[in-house]
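Got a minute to look over a model before heading back to the bench? Here it is, with a short report to read alongside.

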Amino acid sequence: MKDNKDLVRAVKFVLFSCGAGIIQVLAFTLLNEVVKLPYWPAYLTALVLSVLYNFTVNRKFTFKSAANIPIAMLKVFGYYCVFTPVSTWLGDYFAESKGVNEYIVLAVTMVCNLATEFLFCRYVVYRNSIDTNESAQKEKTVQQER
């Protein structure tokens, strides 16, 4: 049963992350094509917008966590304190210095982000608070009454 819940949780994370990915791609495209920003500020702005969305929906619907929001945000912020400079620097290096298409660089970066962020959220941010929010408690009560 636990394995099934983790599989469902992973699928939800991927689906919500697709929504965050759409936000990130649209913001990046607008800033890259219309505003004509260099890779790194366009990427960084788009990343921040997608992270805010992703944190909010995954906390509530994927991990169903009642964890202290500021503490959970600080943990995610810590993840991004590592991921953001590394991905920004590598993305800029490949897009600007090596001439790799910006959208290929963005796609590879987003896949790396998806995988590592899920693992970080599952095993660090929400490790002890999964299925503790009101919605999860109601589901648990309904299942126990059956």
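The notes below cover the overall fold, the cysteines, the largest pocket and the largest cavity.

## Overall fold

Keep in mind that this is a predicted model. The protein chain has five helices and zero strands, so going along from the N terminus you simply read α-α-α-α-α. Measured out along its principal axes, the C-alpha trace would fill a box of about 60 × 25 × 25 Å.

There are 146 residues in the protein chain, and 37% of them count as buried. The protein chain exposes about 8800 Å², with carbon and sulfur atoms supplying 69% of that area. As for who touches whom, take the contacts with a separation of 6 or more: 79% of them come from residues 24 or more positions apart.

## Cysteines

How many disulfides does the structure hold? The count is zero. A disulfide is a covalent bond between the sulfur atoms of two cysteines, and the cut-off used here puts those atoms within 2.5 Å. For C18, the closest cysteine sulfur is in C112, 15 Å away, which is too far for a bond. Starting from C112 gives the matching picture: its closest cysteine sulfur is in C18, at 15 Å, again too far for a bond.

Are these two cysteines buried or exposed? C18 is partly exposed, at 43% relative accessibility. C112 is partly exposed too, with a relative accessible area of 42%.

## The largest pocket

The largest pocket holds about 350 Å³ of space. Its lining is made up of 16 residues, and the ones closest to the centre are K5, R9, K64, D131 and E139. The elements giving two or more residues to this lining are α1 (2-34), α2 (39-62) and α5 (134-145).

What kinds of residues line the largest pocket? By class, seven are charged, five are polar and four are nonpolar.

## The largest cavity

One cavity of 30 Å³ or more turns up in the model. The largest cavity has about 30 Å³ of space, and its lining consists of F13, N54, F55, N58, V76, E117, C121 and Y126. Two or more of these lining residues come from each of α2 and α4 (102-125).

Which element gives the most to this lining? That would be α2, with three residues. Sorted by class, the lining of the largest cavity has five nonpolar, two polar and one charged residues.

Conventions: Residues are numbered from 1 along each chain as its sequence is written. This is a predicted model: local features need pLDDT of at least 70, side-chain atom pairs count only at pLDDT 80 or more; totals for chains, interfaces and linings use all residues. Side-chain values use heavy atoms; hydrogens and water are left out. Buried means under 20% relative accessible area, exposed over 50%, partly exposed in between (1.4 Å probe, protein chains only). On a 1 Å grid over the protein atoms alone, a cavity is a set of points where a 1.4 Å probe fits but cannot get out, and a pocket is an open set with protein on both sides within 12 Å along at least five of seven lines; lining residues have an atom within 4 Å of a point. Grid points are joined across faces, edges and corners, and a volume is the space filled by probe spheres set on the points. Helices (H or I, at least four residues) and strands (E, at least two) are DSSP runs, numbered from the N terminus. Ala, Val, Leu, Ile, Met, Phe, Trp, Tyr, Cys and Pro count as nonpolar, Asp, Glu, Lys and Arg as charged, and the others, Gly among them, as polar. Contact means heavy atoms within 4.5 Å. Accessible areas come from the Shrake-Rupley method with a 1.4 Å probe; for residues, only the protein chains shown count as cover.
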